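Visitor: I have a chain in front of me and would like to learn how to read it. Please take me through it feature by feature.

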Amino acid sequence: MTDTTDAAEARPSQGTPGEVFSAFFKLGLTSFGGPIAHLGYFRDELVTRRKWLSDRAHADLVALCQFLPGPASSQVGFAMGMLRAGWLGALAAFTAFTLPSALVLGVFAMTAASISGPIGTGTLNGLKIVAVAIVAQAVWGMARNLCPDRERAAIAVGAVVVLAFRPGAFGMVGAIVLGALAGLALGRGTGAPVGGHVTMPVSRRVAAAALAAFFAALFLLPLIAGQSQSLAVIDSFYRAGALVFGGGHVVLPLLQAEVVAPGWVTPDQFLAGYGAAQAVPGPLFTFAAYLGAGLEPEPNGVAGAIIALLAMFLPGFLILIGVLPFWDRFRAMARAQSLMQGANAAVVGILGAALYSPVFTSAVGDLRDFALALGCFVLLMAWKSPPWVVVIVAAVGGVGLAFTG
C-alpha cells in the first residue's frame with residue numbers, strides 16, 4: 001500500500017474541536033476499566049461508529065503510544081483529536097476525556113478529611129484495601145506480557161533489588177536505565193517494522209522543539225524546584241509523568257516517591273485516593289488531581305489540582321509530539337526495540353516492589369484486611385468483575401470490618 005493511501009486512511013475527513021470535545025466528553029463519562037479498556041472504547045466509538053480513521057491507523061497510534069512513556073490512552077485520544085481537528089482538536093480531546101474524573105477526584109480530596117465515623121473510615125479503609133487487589137492484578141498481567149522469558153524475568157527481579165537498596169525516584173530511574181541496558185545486551189529486538197503509517201500535522205521543527213522542551217523540563221526543573229513550593233510540585237508530577245512506562249498503574253510507585261516521601265500527602269490519603277481512582281471513568285492519571293488538591297503545604301485545592309494534573313500529562317504529550325515525524329523509522333530499529341523490552345521488564349519489577357510497599361504494608365493490618373483484599377483479587381482475576389464493581393465491594397467490606405472490629 002502506498003504512502004498516499006496510508007495518509008488517506010489516517011486522515012479520512014476533518015471535523016471541528018466542538019465535535020471532538022463532545023465525543024471525548026462522552027467517553028470521559030463512560031470509559032471504565034483502565035487504559036486497555038479505554039482503547040477499546042475509542043475504537044468502538046471513533047473508528048467503528050464515527051469512522052474518524054481506519055482500523056489500521058488506529059492500531060498504529062496505539063502501538064506508538066504504548067511504546068512511549070506517558071498515559072497511553074490519553075496520548076491516543078490526543079492524537080485522534082489532532083487527526084480530526086488539528087491542535088485545537090487535540091486540546092479538546094484531552095480536556096473532555098480528563099475533566100469528569102478529575103472533577104470527581106478533586107472534590108473527593110477536598111472532602112475526604114471531613115469523613116468520620118465507622119461508615120466513613122470503613123469506606124476509606126476499603127479503598128486502601130482494594131488497591132492491593134488492583135495492583136496485584138496489574139503486576140500479574142504485565143509480568144505475563146512483558147517478562148515472557150527467564151532473562152526478562154531476571155531483569156524484573158533486578159529492579160526490585162535496586163529499589164531494596166535505593167528506594168525512591170532515583171532508584172526507579174536507575175532500575176529503568178539498567179533494565180534498558182540489559183535489554184540492549186540481550187538484543188531481542190527484531191528490527192521488523194510494526195503496523196502501518198500515520199500522517200500527523202506535526203512538522204519536524206515542531207517535533208524537535210517538543211523533544212527539546214521535554215528533556216529541558218526533565219533536567220532543569222529539579223535545579224529550580226527549591227525556589228518555591230509550586231515549582232517543587234511541578235517538578236515532582238512532571239518527573240512522574242515522564243517516567244511512566246508500561247501502563248497507568250506504574251504511576252503509583254513514582255507518585256508515592258514524589259508526594260508521600262516528602263510528607264505532602266499521608267500514606268492513608270494516598271491509598272484511599274488511588275482506590276477511589278479505580279471507581280471513576282477516564283484516565284488513571286487524573287489521580288494527580290486528587291493528590292494536588294490534598295497537598296500540604298500549598299498549592300492545594302483547585303489550584304493544586306490543576307497544577308498537578310497539567311504537570312503529569314504534559315511530558316507524555318510533549319514526547320508524543322516529538323516522535324511523531326520520526327516514529328516509523330525509530331520503531332523499526334532493532335536496538336530501540338531491545339531497549340524498550342528491557343525497560344518494560346524493569347517496570348514490572350518496580351510495580352511489584354510497590355505492591356509490597358506502600359500498598360500492602362499500608363493497607364493490610366490483619367488477617368481480615370487480607371481476606372478482603374484476596375476476595376477482591378479473586379473477583380478481578382477469576383470472576384472478571386469490572387474494577388468499579390470491585391471498588392464498591394471493597395468499600396462495603398471496609399464498612400463491615402469497621403462495625404465488626
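Guide: Start with one residue, K384, which is exposed because its relative accessible area is 63%. Exposed means over 50% relative accessible area, buried means under 20%, and partly exposed lies in between, with a 1.4 Å probe and protein chains only.

Visitor: Where does K384 lie, and what is its phi?

Guide: K384 lies in the loop between α17 and α18. Its phi is positive, about 55°, although K384 is not a glycine. K51 is also not a glycine and has a positive phi of about 60°. K51 lies in the loop between α3 (35–49) and α4 (55–67), and with a relative accessible area of 59% K51 is exposed.

Visitor: What kind of model is this, and how are residues numbered?

Guide: The model is predicted: local features need pLDDT of at least 70, side-chain atom pairs count only at pLDDT 80 or more, and totals for chains, interfaces and linings use all residues. Residues are numbered from 1 along each chain as its sequence is written, and side-chain values use heavy atoms, with hydrogens and water left out.

Visitor: How many helices and strands are there in the chain?

Guide: Helices (H or I, at least four residues) and strands (E, at least two) are DSSP runs, numbered from the N terminus. The chain has 18 helices and 0 strands.

Visitor: How do I check the span of a helix such as α18?

Guide: The expected span is 1.5 Å times one less than the number of residues. Helix α18 covers residues 387–404, which is 18 residues, so the expected span is 26 Å; the end C-alpha atoms are 25 Å apart, which agrees.

Visitor: Which residues of α18 are buried, and what do they pack against?

Guide: An α-helix has 3.6 residues a turn, so residues three or four places apart point the same way. In α18 the buried residues are V390, V391, A394, A395, G397, G398, V399 and L401. The buried residues of α18 pack against α6 (117–146), α12 (267–277) and α17 (367–381). Contact means heavy atoms within 4.5 Å.

Visitor: Which residues does A373 contact?

Guide: A373 is found in helix α17 and counts as buried because its relative accessibility is 4%. Leaving aside neighbours within four places in sequence, A373 is in contact with I129, V132 and A133. A373 and I129 are 244 residues apart in sequence, yet their C-alpha atoms are 5.6 Å apart.

Visitor: What about A242: which residue is 74 residues apart from it in sequence?

Guide: That residue is G316, and its C-alpha is 6.2 Å from that of A242. A242 is in helix α10 (residues 229–242) and is buried, with a relative accessible area of 3%. Not counting residues up to four places away in sequence, A242 touches P69, F214, L218 and P315.

Visitor: Are S101 and H38 buried or exposed?

Guide: S101 is buried, with a relative accessible area of 1%, and H38 counts as buried at 1% relative accessibility. S101 sits in helix α5 (residues 72–111), while H38 sits in helix α3. Beyond four places in sequence, the residues that S101 touches are V280, P281, G282, P283 and T286. With neighbours within four places left aside, H38 is in contact with S31, F32, S73, F97, G282 and P283.

Visitor: Where are the cis peptide bonds that you can show me?

Guide: One is the bond from E298 to P299, with omega near 10°. P299 is in the loop between α13 (287–293) and α14 (301–323). A cis peptide bond also joins S357 and P358, with omega about 20°, and P358 is in helix α16 (residues 334–363).

Visitor: How does the radius of gyration of the chain compare with that of a compact globule?

Guide: The radius of gyration is taken over C-alpha atoms, and the globule rule is 2.2 Å times the number of residues to the power 0.38. With 405 residues, a compact globule would have a radius near 22 Å; the chain has 21 Å, which agrees. The C-alpha trace spans about 70 × 50 × 50 Å along its principal axes. Buried residues make up 53% of the 405 residues.
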